[in-house]
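I opened this model to look up how its sheet is built. A second item on my list was one acidic side chain.

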Amino acid sequence: MFCAVMSEEENCIRFLEMVLGFPISRIDVSYERNMVYHSEYKGIRLDVYAKDQNNKRYNVEMQVKRDVALVKRSRYYHSQMDMELLASGTSYEELTDTFVLFLCDYDPFGRGLYCYTCGTKCKEDSSVECDDGCQTIYLSTKGKNAEKLPKSLVRFLKFVAADIEQSESDFEDEFVGQLQKSIHNVKESREMGERYMIFEEMMRDERKAGREEGALLAKRAFIFELLKDVGRISEELEVRIHELSDEEQLKVLHKLAAKAESIEDFEEEAKKVLA
């Protein structure tokens, strides 16, 4: 449903202007855009992909399931978008700005913010100009700093977080009202009817997966919490535990972490469990 509604040019423009804070006069929108530049490398499918009158590129992703690699994912998305911006023999200066926006139904960084705007900065001196034209924005429906953001953006995020019944309420916001009409039109459209049912089913599956992943995330975090006074496990093992979804293996690792007297003992036994 999100993709279908954002595929309407006016909706997409107003959303981007609201988040980014600069005017956009015209935009070409496509959704479920596949980018596969070589069969040996990972391709991507972008929920909503757009370019404006200045050839700036925008990718908007609806993120329901928690993704521990979300930041790295945004890096890869930017790189794939750049691939079609620079023809052979042209100057790097011709690269236009790219924006990746994740609309998350959870707080991706746990700091209670509605919006996290991330770009490239110099660690030693923030005044150094190193803007590479790439910007990633993580929007969270679980923010708590409403006073720091435009009211329209907060109302929009509350609308996104609402369940089906609540989403039909009056949010006292003109843009949200426009989106509600678009959703109604999509549901009523015979052409989109079947597609809407597929979107709805996918969203239910995604929300279920999100809840399950949240429980697994807590179990993984508890293992690391038990180990913090013993030592730091190797990066390779840490990654494997972060990716682990087998509940029985997580239970065994939890018991090992609880009784571990040294990080070496835990790693030795953990590797047997994960073998």
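**Entry 1: the sheet**

I traced the strands first and found six of them in an open sheet, ordered S1-S2-S3-S4-S6-S5, with mixed pairing. I noted that the model is a predicted one. The edges of the sheet are strand S1 (27-35) and strand S5 (115-118), each of which pairs on one side only. From one strand to the next, the twist averages 20°.

I then looked up what packs on this sheet. Helix H3 (residues 70-83) does so, touching S1, S2, S3, strand S4 (98-104) and strand S6 (134-140). The direction of H3 makes about 145° with that of S4.

**Entry 2: strand S2 and its partners**

I asked in which sense S1 and S2 pair, and over how many bridges. The pairing is antiparallel, over eight bridges. Within it, I recorded Ala-50 in S2 as the bridge partner of Val-29.

On to S3: strand S2 (residues 44-52) pairs with strand S3 (residues 57-63) in the antiparallel sense, here over four bridges. Lys-51 stands opposite Arg-57 in S3. S2 and S3 form a hairpin with four residues between them. In that turn I noted Asn-55, which has a positive phi of about 70°.

I also checked the covering of S2. Seven of its nine residues are buried, and the strand is thus recorded as mostly covered.

**Entry 3: Glu-267**

I located Glu-267 in helix H9 (residues 263-274). Is Glu-267 buried, and what is the distance to the nearest side chain of opposite charge? Glu-267 is buried yet has no salt bridge, and Lys-271, the nearest side chain of opposite charge, is 4.4 Å away. The distance lies outside the 4 Å limit for a salt bridge.

I next looked for what the side chain of Glu-267 does meet. A polar atom of this side chain lies 2.6 Å from the backbone nitrogen of Ser-234. Leaving aside neighbours within four places in sequence, I found Glu-267 in contact with Ile-233, Ser-234 and Leu-237. Ser-234 therefore appears in both lookups, as a contact and through its backbone nitrogen.

**Entry 4: the chain as a whole**

I closed with the totals. The secondary structure comes to nine helices and six strands. Of the 275 residues in the chain, 40% are buried. Among contacts with a separation of 6 or more, residues 24 or more positions apart account for 60%.

Conventions
Residues numbered from 1 in each chain as written. Predicted model: local features only at pLDDT ≥ 70, side-chain atom pairs only at ≥ 80, totals over all residues. Heavy atoms only, no water. Helix = DSSP H or I, 4+ residues; strand = E, 2+ residues; numbered from the N terminus. Buried < 20%, exposed > 50% of the residue type's maximum accessible area, 1.4 Å probe, protein only. Lys, Arg positive; Asp, Glu negative; His and termini not counted. Polar contact = N/O pair within 3.5 Å; in protein donor to acceptor, adjacent residues only side chain to side chain. Contact = heavy atoms within 4.5 Å. Pairing = 2+ DSSP bridges. Axes fitted to C-alpha atoms, helices over the stretch in contact; angles between N-to-C directions.
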